[in-house]
Every structure is written in C-alpha cells, then in structure tokens.
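Me: I would like to learn how to read the features of a structure like this one, step by step. Could we take a few in turn, with the general idea before the case at hand?

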Amino acid sequence: MYADYNFYRTEYGGTLIEDEALYRRFSFGADALIDKLTYCRLHNGWPVTHSVKMAACAVAEEFFKDSQSQELAAVQSGVKSENTDGYAVTYADAAALEAARERRLCDAAGVYLPPCDPIRYAGCYKRGGRLC
C-alpha cells in the first residue's frame, strides 16, 4: 500500500472515506492504477515519494465515489438522454462509460503525478535523469 490510512487522514486531509478497512479496499485499486501509470517502476527501486502517496489517496477517493454512485448507475443504467413526450431513451455506450471512468481515475492521479513526471515516462528511463 503506497499510502496508509494515517497518511490519508493526516497528510492528504482525507475525510471522504471514514473507515480504515474501507480505505484499504479502495487503496488496492489505487495502487494498481498507479503501477499501470508508472510502468511498475515503484516495484523496481523507484522511491515512493510524497507525490505518489498523494496520488494514491486521490485515486482511492475516486474509486470510493464510484462505489457510492453504483446505486444511482443501476437506476439510470447509462441513460444518456430521455424524452418523455414521445418516450425516447438514449443509452450511453458501455465503452464510453468505462473510458470516462478511466479518465476520471487518471486525472485524479495526474494532479500529483503529471504526465511529464519522469516516473510516468513510457520509454526507458533510469533514475538520475539518464536515458538508457
């Protein structure tokens, strides 16, 4: 876990997730997303910086918000638009909904780990700033 519950509450200032066990559940997904964005560099010797921990907290909160909105999503079922006069309903495509979710999660991480951060560089990069 990149950021524990104590970090979430004190350093990040998180108040949305009030239960430590619940935070742990969502932090696993947050860590997985950060691993994806950083090409698993944190498992290969890169330090877990303050920015990484803050990103983990932000993403965990986004996962929490998603879980809270599942009830609403079940009711709406991806309704994109609705017309009651002629009873026409348009549904959002599942791929578009998932793409929007992925964007929200990546945007949450990107606040603290912007795409220009060396840890997110897609090419070969060694710590210390040298390309290999």
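Me: Leaving aside neighbours within four places in sequence, which residues is L42 in contact with?

Reply: The general idea is to set aside the sequence neighbours and to list what remains, counting a contact when heavy atoms come within 4.5 Å. In this predicted model, L42 is in contact with Y2, I34, D35, P47, V48, V52 and I119 once its neighbours within four places are left out. One of these partners, Y2, is 40 residues from L42 in sequence, and the C-alpha atoms of the two are 9.4 Å apart in space.

Me: Is L42 buried or exposed, and where does L42 lie?

Reply: Burial is read from the relative accessible area, and a residue is called buried when that value is under 20%. L42 has a relative accessible area of 10%, and is therefore buried, while its place in the chain is the loop between α2 and α3.

Me: W46 is also found in the loop between α2 and α3; how should I read its surroundings?

Reply: One can combine the accessibility with a distance to a residue that is remote in sequence. W46 has a relative accessible area of 15%, so that W46 too is classed as buried. The C-alpha atoms of W46 and I119 are separated by 8.1 Å, although their positions lie 73 residues apart along the chain. I119 also appears among the residues in contact with L42.

Me: What is said of the phi angle of Y39, and of that of C40?

Reply: Here one looks at the sign of phi together with the residue type. Y39 has a positive phi of about 55° although it is not a glycine, and C40, likewise a residue other than glycine, has a positive phi near 55°. Y39 lies in the loop between α2 and α3, and C40 has its place in that loop as well. Y39 counts as partly exposed because its relative accessibility is 46%, and C40 counts as partly exposed because its value is 35%.

Me: How many salt bridges does the structure hold, and which parts of the chain does the pair of E102 and K36 link?

Reply: With salt bridges one reads first the pair and its distance, then the elements that carry the two residues. The structure holds five salt bridges. In one of them E102 pairs with K36, the closest N and O atoms being 2.8 Å apart. This pair links distant parts of the chain, since E102 is in helix α5 (residues 94-110) and K36 in helix α2, 66 residues apart. E102 is partly exposed, with a relative accessible area of 24%, whereas K36, at 52%, is exposed.

Me: Where do E62 and K65 lie, and how many residues apart are they?

Reply: In this case the question is how the spacing in sequence relates to the helix. E62 and K65 both lie in helix α3, three residues apart, which is about one turn of the helix. They form a salt bridge whose closest N and O atoms are 3.1 Å apart. E62 counts as buried because its relative accessibility is 15%, while K65, at 40%, counts as partly exposed.

Me: Which residues are linked with R101 in a network of salt bridges?

Reply: A network is read by following the pairs that share a residue. D66, E98, R101 and R104 are linked in such a network. Within it, R101 forms a salt bridge with E98, the closest N and O atoms being 3.5 Å apart. R101 and E98 are both in helix α5, three residues apart, about one turn of the helix. R101 counts as partly exposed at 26% relative accessibility, and E98 counts as partly exposed at 40%.

Me: Which residues form the negative surface patch?

Reply: For a patch, one names the members and then places them in the chain. The negative surface patch is formed by D4, E18, D19 and E20. E20 is found in helix α2 (residues 20-37), and is partly exposed, with a relative accessible area of 46%.

Me: What pattern does the protein chain follow along the sequence?

Reply: The chain as a whole is read by its order of elements and then by its totals. The secondary structure comes to five helices and four strands, in the pattern α-α-α-α-β-β-α-β-β along the sequence. Buried residues make up 33% of the 132 residues. Among contacts between residues at least 6 apart in sequence, 65% join residues at least 24 apart. The protein chain exposes about 8300 Å², of which carbon and sulfur atoms supply 52%.

Definitions and conventions: Residues are numbered from 1 along each chain as its sequence is written. This is a predicted model: local features need pLDDT of at least 70, side-chain atom pairs count only at pLDDT 80 or more; totals for chains, interfaces and linings use all residues. Side-chain values use heavy atoms; hydrogens and water are left out. Patches are made of residues with over 30% relative accessible area and no salt bridge: like charges are joined within 9 Å, nonpolar side chains (Val, Leu, Ile, Met, Phe, Trp, Tyr) within 5 Å. Accessible areas come from the Shrake-Rupley method with a 1.4 Å probe; for residues, only the protein chains shown count as cover. A salt bridge is a side-chain nitrogen of Lys or Arg within 4 Å of a carboxyl oxygen of Asp or Glu. Lys and Arg count as positive and Asp and Glu as negative; His and the chain ends are not counted. The place of a charge is taken as NZ of Lys, CZ of Arg, CG of Asp or CD of Glu. Helices (H or I, at least four residues) and strands (E, at least two) are DSSP runs, numbered from the N terminus. Buried means under 20% relative accessible area, exposed over 50%, partly exposed in between (1.4 Å probe, protein chains only).
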